[in-house]
Structures are given as C-alpha cells and as structure tokens.
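Student: I would like to go through this model and ask what stands behind the terms used for it.
Tutor: Then let us look at it together.

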Amino acid sequence: MKFNRTIRHPPSSDPREAKRVGSSIQEWIDHNTYHHSDFRDIRKLVEAKKESGQTISVCIPTLNEEKTIGKTVVMVKGELMDRHPLVDEIAVIDSGSEDNTREVAAEFGADVYLASDILPDLEPKRGKGENLWKAIYQLKGDIICYIDADIKNIHSRFVYGLVAPLIYRPEVRYVKAFYDRPLVFSEGVRPSGGGRVTEILVRPLFSLFFPELTAVIQPLSGEYAVRRDVLQQVPFPIGYGVETSHLIDVYDKYGLSAFAQTDLDQRVHRNQATTDLGKMAFGILRAFLARLKSLGMVKDLPDLSVILRQFQARDTKYEEIEYEIREEERPPMITIPEYKEKFGL
Amino acid sequence: MTGNEAQHTFDTSGPVNRLPEFVHAAKDMREMAIGNLVLVGEIPAPTFQEKRRTQEFVHRLIDCGIQDCSVDEVGNGIGIIPGESGEQNILLAANADSIHGIDIDHAISVQPDHLIGCGLSTSLGVGTLATLPMMMDSLGIKLRSNLILLATARSAGRGNLEGIRYFLANNKYPVSYGICLKGSPLGRLSYSSIGMVRADITCRVPSEYDWTRFGASGAVLTMNQIISNISAIPLPRKPVTNIVLGSIDGGSTYDRIARQVVLKFEIRSEDAAMVHSISEQIDDIVAETAAQSGAEITLNVFAHREPGGIQIGHPLVRCCRTIMNALQITPRIMPSTSEHSALIDNKIPAVTLGISTSESISDEQDQLKISPMYKGLAQVLAAVLAVDGGLSA
C-alpha cells in the first residue's frame, strides 16, 4: 500500500461547503476527542490490547535531556511495563547527546540507540524527525507512541491516553495529544487552542487549505501514537515540519476519520523564546508549502529560501542574524530496502 | 510506657532469613517504587490542602487491587489489606502533608543514583506505603493480620496530628501495633515521643502606638527582646530539653517600621514538667515585654505532645533492631514528635522507621538517595512480617 498523490483542490468558498465542513468537524470532535481519564482503567486496556494481539513501542527522541529523561523512562517502564504490561518496548533514539542522556536512560531500563547507528549506510541527518523516522525501523511495535523527553510532569497518561483509541477502535490510525483542561476556570465557555505557532500560523493555514484539520486542537504537539502501517508510508521531514506534514499526509490518504485526539490535561515544559518560535514557523511553512505543491494545490512556487533572517539590537544599531533552516525529508520507510527485509515486506 | 507485652518476643527468624530476597525484590521494582514517589510527591500538599495527594495515594492502592480504600473526612488516605485471620491490625502510617506551599515547583528530577525535588524526604513515606502492597504481591506474601496503610492528613505544624488522631478515634479496626514511616534517615528508630509544645508569639504594634516609649522602633526590636529573654532561659542537660526557634516573619520593606512580627517555636523535653515550666516562663516573658513596650503581644500555643513510648527492650523495638542489624543498618535512636505521639497517647506500641538517606540542598529541595531505599523497604516489610508472626512466649 502506497500513498498515491492525487490533485487536491483548495476548499471552496461556497457557504454550503463551509457548512458541510463545519458539521463534519463537529461530528469528528464529538466522536474522536477523548480525555485521558476515559482510559483510566488500565487493566481493561491491557486486556483489550492482549485480545487485539497488537504490540506497543514507546519512542523518546532525545538530545541532551539528562535532567528529564530519567523520570520519563521510569514513569513509562514502572507504570506501563512493570506494573501493567501495556507497553512492550521503550526506546530512546538519541541525536548524539553530549551529556549523560543515554547513560541515564539505559540505567532505568530503556533500550538506547544512537540515531546515526540505525541504518548506518544512509547519509546521516540531524533532527528530531530523523529520530522519529529511524524509530520505525528500529522498534518492533505495531503501534509507536512518540513522547518528548522534556515533559516535567510526565505521567503514564501521556502514553495510555494516546494508545487507547488505537486499541479500542481499529479504524483510528493516528492519535494526537492536546493539553487543555485548566486548573481553574470560572466561565462555562473558554477558548481552547494550541500554542503561539499553532494559532498564528498552522491553524490559519489549515483553515485556508485543509479546513477539517483545524479540528486537531494542537497539531504541533510532540506526543502522538500511530499505527506502523501508516507510519511506514509517510515521508518524514526531519526538522520542524514533521508534525504538520504527517497530518496533511495521513489526512490526504485516510481523511479526518483516521484521527483521534486525547486531552492529557496539563503539560509542563520549557517555554521557548519568540525567536525560536520564528525558526519553527519558518520550517513549518517551508514543509507546508512543499505539501501544497506536491498535492497540486498551488502551482508555481518559486525556489524557497532556506535562510531565515532575524534581527537584534546592539545599543542603537540593528544587526541581522541569518539562520539556515533546511527542511530535508526522509522518504517513506517502506521504500527502504533494509526495512522491507527486516519486516518481511 | 505503653504496652504490656514485655514478657513476649516477636519471632524475627523467618523475616530475617528472607531479607536478601526482600532487598532483591525492592531492587527489581525500583522503577515502580520511584514512580509511586514521583506521582505522590509531585502533588503539592501543604497541611490542610493534602487531599489531592491522599486521593492519588488511594488511587495507587486501588490500582494494586486493594478493595477497601477511601479518603476520610479530614483527608486521610486509607487502604486496608485484609489478613487471613484478621485477629490483629497492624498500622503503617506516614504523613501526607508537607511544609511546602502549592506555589512551589514540586517537579522531581530522577537521576541514576538519586532524586531531587521538593519535600522528597516527606513524600517517600507515603510512596513507601504505596509500594509495599506491590512488593508483598510480587513476593507472594499474605498476612494473617489486617494491614492498614494510612497516609495522614493535617499532621505537621498547625495540623497537630489531627489526621491520625481522627483515624484512631473513628476507625473500626483497633490498632495492635503501629509502624510510622519517615523518608529519612535510614536507620532511624524512634520508640518514644518527647514532650513538646508548639506555639506562635505575635508582636503587633497598634496604630495609636506611643513612639516615645521604650522599644519604639517597632515590632522587630520588641520581638528581639523576647528572643533574647527566651534564649536566657536555663535549659537542663538532663532531662534533654531544647527550644527550637523555627521561623520569624515580619515587616514589609526597608524604610517602614515593622508593625507585626511572628515567631514560631517549639519547646521539646523528655520531661513533661520541664515543657510546662518553660512554657510558663515564656508566658511571663511575653507578659512582661508587652507591659514594657506597649505592644500587643500574644502567645498562642496550638500543639502539644506528652512524652512517652515503649522501652528499648520492648519486643517491637528489639525486632526492629534485629532486622536492622541483619541488614547492616546502624540504628539511630531518636525520639519522635510526629504520628508516633498519637499512637503513644492511645497506648499503642509503635516505632518510627526511616527509609533512605537524604540531604537538604535548599529550603525546598531534598536530594534523596535511591539505593538505600532497597534496604529501607526490606526493613519495613520484615518488621511487618515479624509483628504478623504473632507473639511467642
């Protein structure tokens, strides 16, 4: 099974079409949006997993995460491998940390791999997306759950909340995390959304070109669980654009019904500087435009620059800083001969 | 002294023989034990606001398959593992509340040989309560006695042991023996409670204060006078007695005379009469300073403990010492003023044990060692089993 690209047209401005999209989104939200507490009965989940015969791998991509990786591994292994046999494998795919990330993860029982050691004959690339992509080759599970290593309040819900819809509902293929429930809120209605890059870049773009995908509350969240048979067929940008591209590619192939999303409550993590968000937005935009082009939704795009220009002030002088941000892309894993051989495809 | 079983001994041979196996089992469940500690310890639980933590504790027990679990009216988290005979009830207790506020970051960092986080040495007690049922399960241990796991609310400071007192007054299982758990130090062995009075002195300068009078520099100097007078109280070497000046808080900024200062302190002594005598002297100091300064000074005593406990030769203490010796843990005999005191007040033989070693790296952060926990857990399980073995003549 391969992704056959067909030309997709931008959404119509017809009000009836807008209404159809609106009701489609609402229906999806009503049926495919969960709260992690829906799956709190882990014993039941383990039984369902056992019956389904599926296996689950957890992948944690890392780069210099020695302060937080220990807790992440402990919580997944202790809660979801030792206490409840939900997860079959926990692996850290490291980009070449210069601190003790790999040693700490191994100490607490994770399988630790250096990304460059996986498929070593391929030209090495550095980026989180590279680790996620190589995990498809290295890990064994039918479902792969990706979680970031920098979550300060890591909890087993970050895994079981994401894999549960895949276990209970065969038609769901891709489950995305979102973080919503406020601790205190006085009104009945409250805004619900993603971070700054989501709200000022990604959701406006989705509204323009893929309106149904706007229903994914936090499209850029780094926590998601996906079936292997989907993962192996999508190309992987190795930089900032990986999550956005995934959503577009899976949506293009399977439609909105293939997705689900789970509210994992609060996620405490490092806050990023606005300049770093600028780099992220640049990478996402490049990946997004590349998808528009490959889907035939726009025609004549010029060669896009790989240079992001930002500015800083030193006394009364303004200086330009140039960042080269390339959104390189790995092909679908299923096209890699070593993968096909390993998994007998 | 509590208890009338001095003519009996606990049979520790079985549990002692199994200690290597217990230590091994504790090592094997390292990630689960740390997970329990993290899940409980990352929930802020200042005294009177500990219900979320005790609810999480109860969820952990339910998750272990313990059916009889609840959070009671004062916020204690309770789980009961029914024994095969249920003839006696063994209480394992640890305080769930801590001195740290909800605005403090409670995230715990897990490193290969230690953990760093807020109030870890407190939360390890409750973490241990949550881990022991899993350990017993993995070792196939079933007790004859009912085992009561109690994470107490309202223990510290102004809580004044309200949680455990409420439990002891209202629970339907009369407690035969109590083992209280503290995060550290490993080797701690408390079998007696010292007398204690915990109080605040509040010095407030009224708005119509006569600034020409003695001590007219405001509440700080007046409180300073009180502290000097308290420090001058002669303390005997025997019975061991001390006054802990724990906290002082007052004023608002550099250039404004402080209108209010609060001193928090404890008087501790092996002798109840000495605690009483020092309390009276401090009451006199407060009255005299108030008269001289014109400030409003109040002494508010809100907690007290009576000294008491069991003897070092009591079977429960002997059994703990035997187990510690077998584990090559050096016992550190120290009195207690925590949950232990409430058990003593109720004539229940009890000890307090420590689980690991920790050090404070700041006012808020503890560094807790992981590897001593294995012996700490093994020690508690062996003590429970020894007590469960009943009394042999």
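**Terms and their grounds**

Tutor: One place to begin is B:P239, which sits in the loop of chain B between α7 (219-231) and β12 (241-250). The model is a predicted one.

Student: What makes the peptide bond from B:K238 to B:P239 noteworthy?

Tutor: Most peptide bonds are trans. The bond from B:K238 to B:P239 is cis, with omega near -5 degrees. A cis peptide bond also joins B:S184 and B:P185, where omega is about 0 degrees. B:P185 belongs to the loop between β8 (177-182) and β9 (188-190) of chain B.

Student: What makes the phi of B:N160 worth a remark?

Tutor: Its sign. Most residues other than glycine have a negative phi. B:N160 is not a glycine, yet has a positive phi of about 50 degrees. B:N160 is in the loop that runs between β7 (146-152) and α6 (162-170) of chain B.

Student: Why is α4(B) called roughly parallel to α5(B)?

Tutor: The axes of helix α4 (residues 51-63) and helix α5 (residues 120-139) of chain B cross at roughly 20 degrees and come within 9 Å. Angles under 35 degrees count as roughly parallel, so α4(B) is roughly parallel to α5(B). The crossing is right-handed. On the α4(B) side the contact is made by B:R53, B:F57, B:R60 and B:L61, and on the α5(B) side by B:S123, B:V126, B:L129, B:A130 and B:P133. These residues divide into 6 nonpolar, 1 polar and 2 charged.

Student: Why is α2(B) called oblique to α11(B)?

Tutor: For helix α2 (residues 19-28) and helix α11 (residues 372-388) of chain B, the axes cross at roughly 130 degrees and come within 8 Å. That angle is outside 65 to 115, the range for roughly perpendicular, and is not over 145, the limit for roughly antiparallel, so α2(B) is oblique to α11(B). This crossing, too, is right-handed. The contact is made by B:L19, B:F22, B:V23, B:A26 and B:K27 of α2(B), with residues of α11(B) that include B:Y374, B:L377 and B:L381. The contact of α2(B) with α11(B) divides into 10 nonpolar, no polar and 2 charged residues.

Student: How do you know that chain B and chain A share an interface, and how much area do they bury?

Tutor: 24 residues of chain B are in contact with 20 residues of chain A. The two chains bury about 1900 Å² between them, with 50% of it on carbon and sulfur atoms.

Student: What makes B:D63 and A:R83 a salt bridge?

Tutor: The cut-off is 4 Å between a side-chain nitrogen of Lys or Arg and a carboxyl oxygen of Asp or Glu. The closest N and O atoms of B:D63 and A:R83 are 2.9 Å apart, and the pair forms a salt bridge. The pair crosses between chains, from helix α4 of chain B to helix α3 (residues 66-83) of chain A.

Student: How do you know that B:E31 and A:K77 meet in a salt bridge?

Tutor: By the cut-off of 4 Å again: the N to O distance is 3.3 Å for the side chains of B:E31 and A:K77. Across the interface of chain B and chain A the rule finds 6 salt bridges, and over all chains the count comes to 33.

How values were computed
Residues numbered from 1 in each chain as written. Chains lettered and ligands numbered in written order. Predicted model: local features only at pLDDT ≥ 70, side-chain atom pairs only at ≥ 80, totals over all residues. Heavy atoms only, no water. Axes fitted to C-alpha atoms, helices over the stretch in contact; angles between N-to-C directions. Helix = DSSP H or I, 4+ residues; strand = E, 2+ residues; numbered from the N terminus. Left-handed = near helix turned anticlockwise from the far one by under 90°. Contact = heavy atoms within 4.5 Å. Nonpolar A, V, L, I, M, F, W, Y, C, P; charged D, E, K, R; others polar. Buried area = accessible area lost by both parts, 1.4 Å probe.
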